Amino acid sequence: MKAFRRLCMAVIMVFLLLTAVCNLFLVGVKNSNEGIYRVEAKRLANEIAETGSFELEKYPHITGVFQAEGDDLYSSDAHCLIIKAGGALYRVEYTIGNGQRGIAAVNGAFGALFLLMLWLLYYIRKHILVPFNRLNDVSQELARGNLAVPIPEEKSRFFGKFTWSVNLLRESIEDSRKKEIAMQRDKKLLLLSLSHDIKTPLSAIKLGAKVLARGLYKDEEKRRAAAESINSRADEIERFVSEITKAASEDFMSFEVTPGEAFLSAVITRIEARYAPCFAMRGTELVIQKTEDCILSCDPDRLAECLQNLLENAIKYGDGRRIEISFDKMDGCKLITVANTGCTLEGKELPQIFESFHRGNNANGVQGNGLGLFICRRLMGLMNGAVYADIREGCFFITLVVKMA
């Protein structure tokens, strides 16, 4: 706010300085114009002295020339001066123009502009800077994890929607945190419970193994029964381990899809507007094939998110020469394929690329967490679609299958 005050003072000072310079210039022009009538009167006297007559049209600032005797020579309500030409006196009436009124008009205009400027600066301060300052610390508090930070309500057309969006973001983060805490608590309780349950069969296994190792059972039947007991307990532990593995591999992300409809062209236009400038700066050729527009049965935001993940992967794992988006149609579905050159992924890894946290042999030195294709598969499944990948001639092809409305 201090910087804005300094800016206001600087703008006002510059405006006042400009006004003063303009006034000095106008006063100089006015004085120059008002001195012209004397020059014209001098020329008129010379013309009368030389020719004994004059042509009034030559002198635009002189309105009349009169010759009289006595007091009549000086009797006039107009601006005038007395000249002597050819031994006679003449009264020359003239006009001095409207320089004063011009200066007043210009100053009036400057005054109106000055008031308008003051109002504009006040409007910016009240409706933009002050609301923005109130929101200035909100993002920092959210980043620190303070989800209880109060978000001031703004009815301003500049920040009203922004405030509403930030509030939605805060509520979304808060819900995600609650779900994560609940999930972590449930998993921890499950793991603790399973760990406790494993101790019982493990103790029985250890006891049976010791008995067999010491040869305490002389009867073959008892030894066989002890071995079967150990095997049964081992199966029980294996079952517990499977439950632990299942709990650890359960979905750790929740996905919400809003069923709806969207034009294919709208989704592609949105993607192109976002990535075309980025690809142009990288020197990557982005080719989007032409296709007949259609209505897709999907969540447009989620479908756009899937395409964004595919393009991000194409940027990361391709050679950066060419990325192409192509289209096809099959069994009432629209097929959207993203292909990139420079694929180094091995074909045997294709079945695993949609698993969570899986990263292929081409991920060395590339930042990522192995969730992009996992998210695509989950989202496409929730939209009754599918996704599959293929490698052909050194290019990676990944296709989204979207139902048409």
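Helix α7 lies across β5, β7 and β8 and runs at about 170° to β5, where axes are lines fitted to C-alpha atoms, for helices over the stretch in contact, and angles run from 0 to 180 degrees between N-to-C directions. Helices (H or I, at least four residues) and strands (E, at least two) are DSSP runs numbered from the N terminus, and contact means heavy atoms within 4.5 Å.

The model is predicted, with local features requiring pLDDT of at least 70 and side-chain atom pairs counting only at pLDDT 80 or more, while totals for chains, interfaces and linings use all residues. Residues are numbered from 1 along each chain as its sequence is written, and side-chain values use heavy atoms, with hydrogens and water left out.

**The chain as a whole**

The protein chain contains nine helices and 10 strands, and buried residues make up 31% of its 405 residues; buried here means under 20% relative accessible area, exposed over 50%, and partly exposed in between, with a 1.4 Å probe and protein chains only. Of the contacts between residues at least 6 apart in sequence, 63% join residues at least 24 apart. The protein chain exposes about 25,900 Å², of which carbon and sulfur atoms supply 56%, the accessible areas coming from the Shrake-Rupley method with a 1.4 Å probe.

**Helix α7**

Helix α7 comprises residues 264–282, and its 19 residues reach 26 Å from the first C-alpha to the last, close to the 27 Å expected at 1.5 Å a residue; the expected span is 1.5 Å times one less than the number of residues. A kink of about 35° nevertheless lies at Tyr275, shortly before the proline Pro277, the bend at a residue being the angle between axes fitted to the seven residues ending there and the seven starting there. Tyr275 is also among the buried residues of α7, together with Leu264, Val267, Ile268, Ile271 and Phe279. The buried residues of α7 pack against β4 (261–263), β5 (285–288), β6 (295–297), α8 (300–317), β7 (322–330) and β8 (333–341). After α7 comes Gly283, whose phi is positive, near 80°.

**The five-stranded sheet**

The strands that α7 lies across, β5, β7 and β8, belong to an open sheet of five strands in the order β5-β7-β8-β10-β9, with mixed pairing. Strands β5 and β9 stand at the edges, each with a single partner strand, so one side of each is left without a neighbour in the sheet. Neighbouring strands of this sheet are turned by 20° against each other on average, direction ignored. Two strands are taken to pair if DSSP finds at least two bridges between them. The pairings in this sheet are set out below.

| Strand pair | Sense | Bridges |
|---|---|---|
| β5 and β7 | parallel | four bridges |
| β7 and β8 | antiparallel | eight bridges |
| β8 and β10 | antiparallel | nine bridges |
| β9 and β10 | antiparallel | seven bridges |

Individual partners give the register of these pairs. Val287 has Glu324 in β7 as its bridge partner, and Ser326 has Thr337 in β8. Further along the sheet order, Ile336 stands opposite Leu400 in β10, and Asp390 stands opposite Phe397, also in β10.

Two hairpins occur in this sheet. The hairpin of β7 and β8 has two residues between the strands, and Asp331 takes a positive phi near 50° there. In the hairpin of β9 (386–392) and β10 (395–403), which likewise has two residues between the strands, Glu393 takes a positive phi near 50°.

**The three-stranded sheet**

A separate description applies to β1, β2 and β3. These three strands form an open sheet in the order β1-β3-β2, with antiparallel pairing. Strands β1 (62–66) and β2 (80–85) stand at the edges, each with a single partner strand, so one side of each is left without a neighbour in the sheet. Neighbouring strands here are turned by 30° against each other on average, direction ignored. Four bridges join β1 to β3 (residues 88–94) in the antiparallel sense, and the bridge partner of Gly64 in β3 is Glu93. Helix α2 (residues 36–51) lies across β1, β2 and β3, running at about 30° to β2.

**A buried glutamate in a loop**

Glu349 is found in the loop between β8 and α9 (372–382), and Glu349 counts as buried because its relative accessibility is 12%. Leaving aside residues up to four places away in sequence, Glu349 touches His358, Arg359, Gly360 and Asn361. Asn361 lies 12 residues from Glu349 in sequence, and the two are 8.4 Å apart in space, C-alpha to C-alpha.
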